[in-house]
Amino acid sequence: MNWKEKLKKLEFAKNWDAAIEFMQGAIREDPNNIDKYLFINYLLMNLSVEEEYDKSKQKYYKTLAKWYFDEAYSKFYENPEFLHLTAKTAVMSEWFFGITDDDYRRMLEKAHDIEPQNPLYQESYFYDLESKNPESDELISYAKMILSVNSPIKKQLSNKGALGEYIMELQQGWAQDVLKVADRLKRQKNQN
């Protein structure tokens, strides 16, 4: 069984401490594996925000989150995948990772600047476009691409475990909202 499958089983069983310990060992074995850092950062964020856990361990989990975020950032601060996925994770519990909203935005922007053609990293551009022109054909096309069966974003996130599922769920929810608003605005125009 590979490490991603083992982690998935531990997460499914909600065996958080065993999952954390397992990922710490996995990182020690391969300290340059970006996915291992992405997965532990998501694990700690998800635990802190979404899951039930022994609250007496909160300080410990916060310390671990900050440690692994800082260690990963020092190694992968030029990697767009790390920047984007970590920003999307960290923004949900920035107090654990010790970052601000400005840090989150800078990480997303840097990922986009490094790989501007990657559809996942174009998200910020389209979020801004949504606020300026919610009926934009370009925005609607992007939302439909996210929701398509063969979405390149879904393909890119398919091997990212619970982290990939989380990001894809966020993307799909946003895309559905974009299409609903565009459809409503179109119907309103047609009625006038």
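The exercises below work through the helices, one cavity, one pocket and a few single residues of a predicted model.

Residues are numbered from 1 along each chain as its sequence is written, and side-chain values use heavy atoms, with hydrogens and water left out. Local features need pLDDT of at least 70 and side-chain atom pairs count only at pLDDT 80 or more, while totals for chains, interfaces and linings use all residues.

**Exercise 1. The chain as a whole**

Task: State how many helices and strands the protein chain has, and what share of its residues is buried.

Solution.
- Step 1. The secondary structure comes to 11 helices and 0 strands. Helices (H or I, at least four residues) and strands (E, at least two) are DSSP runs, numbered from the N terminus.
- Step 2. Along its principal axes, the C-alpha trace spans about 60 × 35 × 30 Å.
- Step 3. Of the 192 residues in the protein chain, 44% are buried. Buried means under 20% relative accessible area, exposed over 50%, and partly exposed in between (1.4 Å probe, protein chains only).
- Step 4. Contact means heavy atoms within 4.5 Å. Among contacts between residues at least 6 apart in sequence, 67% join residues at least 24 apart.

**Exercise 2. Helix α4**

Task: Work out which residues of α4 are buried and where they lie around the helix axis.

Solution.
- Step 1. α4 covers residues 58-76, which is 19 residues. The helix reaches 26 Å from its first C-alpha to its last, close to the 27 Å expected at 1.5 Å a residue. The expected span is 1.5 Å times one less than the number of residues.
- Step 2. The buried residues of α4 are Tyr 61, Leu 64, Ala 65, Tyr 68, Phe 69, Ala 72 and Phe 76.
- Step 3. Seen down the axis, these buried residues fall within an arc of 125°, so they line one face of α4. The arc is that of the directions from the helix axis to the C-beta atoms.
- Step 4. Lys 59, Trp 67 and Ser 74 are exposed on the other side of α4.
- Step 5. The partners of the buried residues are α2 (16-29), α3, α5 (80-90), α6 (94-97) and α7 (101-114), against which they pack.

**Exercise 3. The cavity and the largest pocket**

Task: Give the volume and lining of the largest cavity, then those of the largest pocket.

Solution.
- Step 1. On a 1 Å grid over the protein atoms alone, a cavity is a set of points where a 1.4 Å probe fits but cannot get out. A pocket is an open set with protein on both sides within 12 Å along at least five of seven lines, and lining residues have an atom within 4 Å of a point. Grid points are joined across faces, edges and corners, and a volume is the space filled by probe spheres set on the points.
- Step 2. The structure holds 1 cavity of 30 Å³ or more, and the largest cavity has about 40 Å³ of space.
- Step 3. Leu 7, Glu 11, Phe 39, Tyr 42, Ala 162 and Leu 163 line the largest cavity. The elements giving two or more residues to this lining are α1 (3-12), α3 (34-50) and α11 (161-191).
- Step 4. The largest pocket has a volume of about 410 Å³. Its lining has 19 residues, and Lys 8, Glu 11, Gly 161, Ala 162 and Glu 165 lie nearest the centre.
- Step 5. α1, α3 and α11 each supply at least two residues of the pocket lining, and the largest share, 5 residues, comes from α1.

**Exercise 4. Two buried residues**

Task: Place Ala 19 and Trp 174 in their helices and list their contacts beyond four places in sequence.

Solution.
- Step 1. Ala 19 lies in α2 and counts as buried at 0% relative accessibility.
- Step 2. Leaving aside neighbours within four places in sequence, Ala 19 is in contact with Leu 7, Leu 10 and Leu 43.
- Step 3. Trp 174 is found in α11 and is buried, with a relative accessible area of 11%.
- Step 4. With neighbours within four places in sequence left aside, Trp 174 is in contact with Phe 126, Tyr 127, Glu 130, Leu 139, Tyr 142 and Ile 146.

**Exercise 5. Two lysines in loops**

Task: Locate Lys 14 and Lys 57 and give the accessibility of each.

Solution.
- Step 1. Lys 14 is in the loop between α1 and α2 and counts as partly exposed at 48% relative accessibility.
- Step 2. Lys 14 has a positive phi of about 60° although it is not a glycine. Most residues other than glycine have a negative phi.
- Step 3. Lys 57 lies in the loop between α3 and α4 and is partly exposed, with a relative accessible area of 28%.
- Step 4. Lys 57 and Asp 17 are 40 residues apart along the chain, and their C-alpha atoms are separated by 9.9 Å.
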